[in-house]
Amino acid sequence: MSTMAILMGLYLALHYLTNIINKNRLIDKTIRKFEDSQSICNRCGRDVSLGSELWSNRLRDKDNFENRKLKGAKFPAGNFIYGDCQEKIQR
C-alpha cells in the first residue's frame with residue numbers, strides 16, 4: 001500500500017469523524033459538561049468560561065462567597081478572577 005493511499009485514508013476518516021462531531025454538537029456538549037456554571041470574574045463580572053477569549057487568563061478563586069464579599073468582590077458568586085483584575089488587586 002502506498003503512502004499516498006494511507007494518507008488519503010486517514011484524511012477521509014478524520015473528515016468523517018469531524019462531520020459526526022459537528023453534526024451532533026459534541027464539542028459544545030462536552031464544554032457545558034465540564035465548565036463551571038459560575039465562570040465569571042468575581043471582580044469585573046466578565047465571562048471567563050471555556051470558549052471565551054478570557055478563558056486562558058483566569059484564576060480560580062478559592063475563597064468562599066462570604067470572604068469574597070469581605071474582600072470587595074462586586075460579583076462574589078463568580079468562581080474566578082480574570083488575570084488583569086488580579087494584577088489590580090496586587091497593586
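This report describes the fold, core and selected residue environments of a predicted model.

## Overall architecture

The chain contains four helices and two strands. Read from the N terminus, these elements follow the order α-α-β-α-β-α.

Of the 91 residues in the chain, 23% are buried. The exposed area of the chain is about 7100 Å², and 58% of this is supplied by carbon and sulfur atoms. Among contacts with a separation of 6 or more, 51% are between residues 24 or more positions apart.

## Helix α1

Helix α1 covers residues 3-23, a run of 21 residues. The distance from its first C-alpha to its last is 30 Å, close to the 30 Å expected at 1.5 Å a residue. After α1 comes Arg-25, which has a positive phi, near 50°.

## Nonpolar core

The largest nonpolar core consists of seven residues: Cys-41, Val-48, Leu-54, Phe-80, Ile-81, Tyr-82 and Cys-85. Strand β2, residues 80-82, gives the most to this core, contributing three residues.

Cys-85, one of the core residues, is in contact with Cys-41, Arg-43, Cys-44 and Arg-46 when neighbours within four places in sequence are left aside. Of these partners, Cys-41 is itself listed in the largest nonpolar core.

## Aromatic rings

The count of aromatic pairs, taken with ring centres within 6.5 Å, comes to zero. The ring of Phe-80 does, however, have a charged partner: Arg-58 lies over its face, at 4.0 Å from the ring centre. Phe-80 is thus described in two settings, as a member of the largest nonpolar core and as the ring beneath Arg-58.

## The environment of Ala-77

Ala-77 is located in the loop that runs between α3 (65-70) and β2. Its relative accessibility is 36%; because buried means under 20% and exposed means over 50%, Ala-77 counts as partly exposed.

With neighbours within four places in sequence left aside, Ala-77 is in contact with Gln-38, Phe-65 and Arg-68. A further spatial relation links Ala-77 with Asn-42: the two residues are 35 residues apart along the chain, and their C-alpha atoms are separated by 6.6 Å.

Note on methods:
Residues are numbered from 1 along each chain as its sequence is written. This is a predicted model: local features need pLDDT of at least 70, side-chain atom pairs count only at pLDDT 80 or more; totals for chains, interfaces and linings use all residues. Side-chain values use heavy atoms; hydrogens and water are left out. Rings of Phe, Tyr and Trp (its six-membered ring) pair if their centres lie within 6.5 Å; planes under 30 degrees apart count as stacked, over 60 as edge-to-face and the rest as tilted. A charge sits over a ring if NZ of Lys or CZ of Arg is within 6 Å of the ring centre and within 35 degrees of the ring normal. The expected span of a helix is 1.5 Å times one less than its number of residues. A nonpolar core is a set of buried Ala, Val, Leu, Ile, Met, Phe, Trp, Tyr and Cys residues joined through side-chain atoms within 4.5 Å. Buried means under 20% relative accessible area, exposed over 50%, partly exposed in between (1.4 Å probe, protein chains only). Contact means heavy atoms within 4.5 Å. Accessible areas come from the Shrake-Rupley method with a 1.4 Å probe; for residues, only the protein chains shown count as cover.
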